[in-house]
Amino acid sequence: MAGLQFPQHFLWGGATAANQCEGAYREDGKGLSIQDIMPKGIKGAPTKEPTTDNLKLVGIDFYHRYKEDIALFAEMGFKVFRFSMAWSRIFPQGDEETPNEKGLTFYDKVLDECEKYGIQPLVTISHYETPLHLARVYDGWRSRKLIDFYLRFCKTLFTRYGKRVKYWLTFNEINSVLHQPLMSGGILTPKDQLTQQDLYQAIHHELVASAAAVKLAHEMMPDARVGCMILAMPTYPLTPNPEDVLAALKAEQKNYFFADVQARGAYPHYLDSYLREQGVQIQMEPGDEKMLKNTVDFISFSYYVSVCESAQEMETGEGNLIGGIPNPYLKASEWGWQIDPIGLRVVLNQFYDRYQKPLFIVENGLGAKDKLVPDGKESWTVEDDYRIDYMKQHLIQVAKAIEDGVEVMGYTAWGCIDLVSASTAQLSKRYGMIYVDRNDDGTGSLERYRKKSFDWYRRVIQTNGQCLLEKQS
Ligand code: BGP
């Protein structure tokens with residue numbers, strides 16, 4: 001492995017999302033978001049109003065503790081910090097003309113802290129936190145009106161932070177809307193009442209909005225680089241039966257057509273035939289096709305699991321919001337997500353072959369139960385060797401993909417500080433290298449503690465990944 005290395009300016013860091021960490025759900029004029037009525041994540045029905053069992057209302061109180069948290073990220077040596085700007089903090093209802101100044105001030109302060117330590121911000125414009133009012137009144141992205149509201153939000157962000165933020169992502173895991181219309185698309189109509197027509201029309205609105213945001217960003221901030229963000233999930237045929245191979249190919253096309261549109265600027269041919277089969281006719285307005293030609297500068301993605309596909313109906317297992325047929329060769333996390341480091345190398349190669357654009361791994365990590373133990377220095381820690389092993393195995397595959405010739409811009413570890421899970425809304429599903437003392441029942445001091453992985457990751461960054469490659473053959 002002597003030859004393996006990471007590029008000199010590789011962007012090492014961590015990632016969070018506003019709704020999973022900020023809390024302060026009503027503070028300083030913030031409006032409600034769809035997350036405030038999803039106390040069980042995707043595992044339960046939305047409530048009418050926010051309920052006290054919803055851990056996201058307080059999150060990990062990043063809103064008040066961002067200084068301490070960013071200082072810890074700096075201590076680990078982060079070069080980049082990915083976070084989202086809560087839409088409902090800046091436009092409380094989502095459809096008003098003028099933004100909430102106090103919401104904007106909060107992100108000024110977050111950026112001040114990042115700058116203090118030389119950490120590049122990577123901002124997700126929309127991360128599963130559509131303002132609730134837009135969901136209630138417009139049924140989220142089913143309405144074309146959302147394009148204008150979203151662009152007003154983008155323009156506000158670009159005007160305010162354009163000189164300070166170079167890297168932007170338009171929508172988190174845009175392809176998850178097919179499976180999670182409420183969380184991903186702010187669509188309140190229950191999934192079983194939505195037709196394919198409804199869903200693909202909503203997707204079209206998001207894709208046009210994303211392209212328009214890219215155009216606007218390039219016009220307003222010539223140095224900015226804008227990426228799409230895809231839930232990546234390599235799909236292997238369950239057997240070498242050609243029927244299974246074809247089924248896997250089709251499943252991947254359904255998952256990745258979003259990136260095809262965002263990176264290549266047009267709907268791919270295979271989607272036309274699929275939509276015809278489904279009886280879907282996307283309503284386009286004049287100018288939509290031209291707008292889609294505003295393609296992204298880089299492809300970012302989350303990677304947690306791979307799945308199998310079969311031509312036969314089979315039972316599916318757990319996975320990142322989507323799930324799939326389990327792979328008999330792989331072990332799974334405590335939450336049933338199958339662990340496949342080589343899948344990361346596969347997906348990096350696939351995406352680079354497909355788009356020839358730089359790639360950015362903006363989410364990856366292990367959700368696990370942690371146990372706080374004394375650290376021998378009058379504080380507490382977590383001996384999370386399992387997390388270190390997970391990250392190490394994945395990062396080695398990133399190095400191998402780089403060796404394969406893939407251009408990788410960086411890696412931001414998901415939930416670098418413990419936060420509330422998107423799918424299950426638990427705090428006990430921890431990803432962080434920083435432990436946050438808060439439990440699923442809402443108890444806890446909110447104190448932060450460095451886990452064993454904290455020092456490990458610091459060394460990874462310090463050696464630009466070289467320490468990962470030691471003792472490998
Ligand atoms: C992705 C989301 C994140 C994040 C992550 C881990 O789908 O973009 O917001 O939460 O998965 O998932 P979970 O929190 O469900 O374990």
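**Exercise 1.** Is tyrosine 63 buried or exposed, and what is its relative accessible area?

*Solution.* The model is a predicted one, in which local features need pLDDT of at least 70 and side-chain atom pairs count only at pLDDT 80 or more, while totals for chains, interfaces and linings use all residues. Residues are numbered from 1 along each chain as its sequence is written, and side-chain values use heavy atoms, with hydrogens and water left out.

Step 1. Buried means under 20% relative accessible area, exposed over 50%, and partly exposed in between (1.4 Å probe, protein chains only). Step 2. Tyrosine 63 has a relative accessible area of 7% and is therefore buried. Step 3. Tyrosine 63 is placed in helix α2, residues 62-76; helices (H or I, at least four residues) and strands (E, at least two) are DSSP runs, numbered from the N terminus.

**Exercise 2.** Identify the side chain with which the side chain of tyrosine 63 makes a polar contact.

*Solution.* Step 1. A polar contact is a pair of N or O atoms within 3.5 Å; within protein, one must be able to donate a hydrogen and the other to accept it, and residues adjacent in sequence count only if both atoms are side-chain atoms. Step 2. The partner is the side chain of aspartate 28, at 2.6 Å.

**Exercise 3.** Describe the charge environment of lysine 357.

*Solution.* Step 1. Lysine 357 is located in the loop between α12 (341-355) and β9 (359-363). Step 2. A salt bridge is a side-chain nitrogen of Lys or Arg within 4 Å of a carboxyl oxygen of Asp or Glu. For charge, Lys and Arg count as positive and Asp and Glu as negative; His and the chain ends are not counted. Step 3. Lysine 357 is buried but has no salt bridge, and the nearest side chain of opposite charge, aspartate 297, is 6.2 Å away. Step 4. The side chain of lysine 357 does make a polar contact with the side chain of threonine 295, at 3.4 Å.

**Exercise 4.** Compare the end-to-end span of helix α13 with its expected span.

*Solution.* Step 1. The expected span of a helix is 1.5 Å times one less than its number of residues. Step 2. Helix α13 (residues 385-404) has 20 residues, so it should span 28 Å. Step 3. Its end C-alpha atoms are 28 Å apart, which agrees. Step 4. Just after α13, glycine 405 takes a positive phi of about 110°.

**Exercise 5.** Characterise glutamate 173 by phi, place and burial.

*Solution.* Step 1. Most residues other than glycine have a negative phi. Step 2. Glutamate 173, however, has a positive phi near 40°. Step 3. Glutamate 173 lies in the loop between β4 (167-171) and α7 (181-185). Step 4. Glutamate 173 counts as buried because its relative accessibility is 2%.
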